[in-house]
Structure formats: C-alpha cells, structure tokens
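I opened a fresh page for this protein chain. My plan is to look things up one at a time and write down what turns up.

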Amino acid sequence: LAVPSQDMVLGGYYLTMRRPGATGEGRVFSSFDAVLLALNEGLVETQTQIRVRYTGDFINLETQYDNQDVIHGDVEQVENELIDTTVGRVIFNSHLPDVLPFMNGLMKKRGLQELVGYCYSKHGNDLTVRMLDEIKEVCFYYATRAGVSFGIDDMLIPSTKGDLLESARKNVLQIEKQRSSGVITAGERHNKIIDIWHRATEQVSEEMFREMQQVEEDEGEFNPIRMMADSGARGSREQ
C-alpha cells in the first residue's frame, strides 16, 4: 500500500487550489503548453482560474456529489472543448499518465489516495508505481513553493466562541441539577456532559473555519492552518 501523505498532500492541495482574483483570471488557452508558457511569463499564477481547450477523458470532481470520490467519478468524453480549470490543475494533470482522465478538482488527502486506487484498478501495478513517483516529485516541489508556515495571527478565535461555551456551561448545569434530583444516573450524567462538550468543540471548530474562509475571501490570502487541516496533511479541525 502506497499513498501520498503529509507534505505531498499539502503540495497537491496548494497546486490544485483556486484563488479568486488571481492574475490572468478568465484567460482562454488553446493547449496545456500555452498555459505553461503564460505561467513562465508571469501572465497567470498557479491558482488562476482559466479555460483551456482539451480533448480526452475528463472527470469533473467539482460537479460530483463527493468531490474526493475519484474512483466513482463520472468520466466524460471531451472533444476539442473548453474546460474550466486552473493553471495548477493543468500542471498536476500533466504529471499523470496519459491514459488517466483529466482530474479537475481540489485534491485533498482522500482524493489523492483514491487517484492511486483508480490507477491501480484500471491499469495495474507498474503504471501506478510510476505515477506515484511523479506525484511525489510534483507535490513535494509545490509544497516547497507554497512556503506554508503559520504564526499566532493565523489562529483565529471565532467571534461566537464565548456564546457557544456559555451555552455549553448552562447545559452542563442542567445535567448536574438532573443528577442531584435523581432524574438521571451518574453514568448518564457523565455521558451527557461528554456529549455536550464534544458538540461545543465541533461548533467552535466549524465557526473558526468559516471565519478563516471569510478572511481568505476578503483579503485574498490563504490561511495556512485551514490549508493543513482541510487538506488532511496535518491535524484536524478539532485539533
């Protein structure tokens, strides 16, 4: 079993991200080579949304119910059509074997793992090993290019955290009163309190990620903590 993890996941995530307002957004290209030339000339950026003419098999993960389910993705036959994608996704797919469809979507840890499974089930061991080598090279390279690190200012405290904690404390007091009155047992009290704080933790993490995303959209910069947790490269939302 060989699957990308940690920094390889972070590099693949950074490479396939989309950033609104990036240089050259909306430009149209006739081929993948034209996209790479434009990138070298500084006319577009890695996360720039573009349209490029493409012929071949195509899996649009962005329109799937589960955007990481590569194995069960619908394969379309595209003939000389303009597809909506990003510069980074063109780079990523140019490192995949020609027999694989164009994977158009944000690649997280599970998406990369399913890509390996898809290649293995369709084309066997030898091609999968070669693909893994290519993924390792390109994803490590872009993990380095991303230069991801974080400081205290990236650790956003959600504005609703105080209210969520206060609500949890009130619920715990209610449970304590029920135990004192003999309505519930000590075991039930324990389980209910654990559940209250678990739900409070989930709510705080969800709010934090929502506010991180809002700041990203307002300022046009990625939050490295959100990138690491959302991609699956490091940690989790709860952590």
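**Entry: aromatic rings.** I am working on a predicted model. I began with the rings, and found that ring pairs link Phe32, Tyr54, Phe58 and Phe102 into a cluster. Next I searched the whole structure, which gave six aromatic pairs. I picked one of them, Phe32 with Tyr54. Their centres are 5.8 Å apart, the angle between the planes is 5°, and the pair counts as stacked. I noted that a ring pair is described by the distance of the centres and the angle of the planes. Where do Phe32 and Tyr54 lie? Phe32 is in helix α2 and Tyr54 is in strand β2, so the pair ties together parts that are 22 residues apart in sequence. I also checked how covered each one is. Phe32 is partly exposed, because its relative accessibility is 22% and the buried class needs under 20%. Tyr54 has 13%, so Tyr54 counts as buried.

**Entry: the nonpolar core.** I asked which residues have the most contacts inside the largest nonpolar core. They are Phe92, Leu96, Leu115 and Met131, in a core of 44 residues. I then looked at where the core comes from. At least two residues each come from α1, α2, β2, β3, α3, β4, α4 and α7, the last being residues 224-231. Helix α4 gives the largest share, 12 residues. I followed Leu96 outward. Leaving out residues up to four places away in sequence, Leu96 touches Met103, Leu115, Met131 and Ile135. I also found a second, separate core of seven residues. Val172, Ile193, Ile196 and Ala200 are among them. I added a general remark: in soluble globular proteins, nonpolar side chains tend to be buried together.

**Entry: helix α3.** Is this helix mostly covered or mostly open? Helix α3 spans residues 87-94 and is mostly covered, with seven of its eight residues buried. I listed the buried ones: Val87, Gly88, Arg89, Val90, Ile91, Phe92 and Asn93. What covers them? The cover includes α1, α2 (32-40), β2 (49-60), β3 (75-86), β4 (102-104) and α4 (109-146).

**Entry: Gly12.** I found Gly12 in helix α1, which runs over residues 7-16. Gly12 is buried, because its relative accessibility is 0%. Beyond its neighbours within four places in sequence, Gly12 is in contact with Met107 and Cys139. I also looked up Gly12 against Ala233. They are 221 residues apart in sequence, and their C-alpha atoms are 9.8 Å apart in space.

**Entry: cysteines.** How many disulfides are there? The count is zero. Cys119 is in no disulfide, and its nearest cysteine sulfur, that of Cys139, is 14 Å away. The cut-off is 2.5 Å, so this distance does not qualify. Looking from Cys139, I found the nearest cysteine sulfur to be that of Cys119, at 14 Å. Cys119 counts as buried, because its relative accessibility is 0%. Cys139 is buried too, with a relative accessible area of 0%.

**Entry: an odd angle.** Last, I looked at Asn80, which sits in strand β3. Its phi is positive, about 55°, although Asn80 is not a glycine. Is Asn80 buried or partly exposed? I noted 46% relative accessibility, so Asn80 counts as partly exposed.

Technical notes: Residues are numbered from 1 along each chain as its sequence is written. This is a predicted model: local features need pLDDT of at least 70, side-chain atom pairs count only at pLDDT 80 or more; totals for chains, interfaces and linings use all residues. Side-chain values use heavy atoms; hydrogens and water are left out. Buried means under 20% relative accessible area, exposed over 50%, partly exposed in between (1.4 Å probe, protein chains only). Helices (H or I, at least four residues) and strands (E, at least two) are DSSP runs, numbered from the N terminus. Contact means heavy atoms within 4.5 Å. Rings of Phe, Tyr and Trp (its six-membered ring) pair if their centres lie within 6.5 Å; planes under 30 degrees apart count as stacked, over 60 as edge-to-face and the rest as tilted. A nonpolar core is a set of buried Ala, Val, Leu, Ile, Met, Phe, Trp, Tyr and Cys residues joined through side-chain atoms within 4.5 Å.
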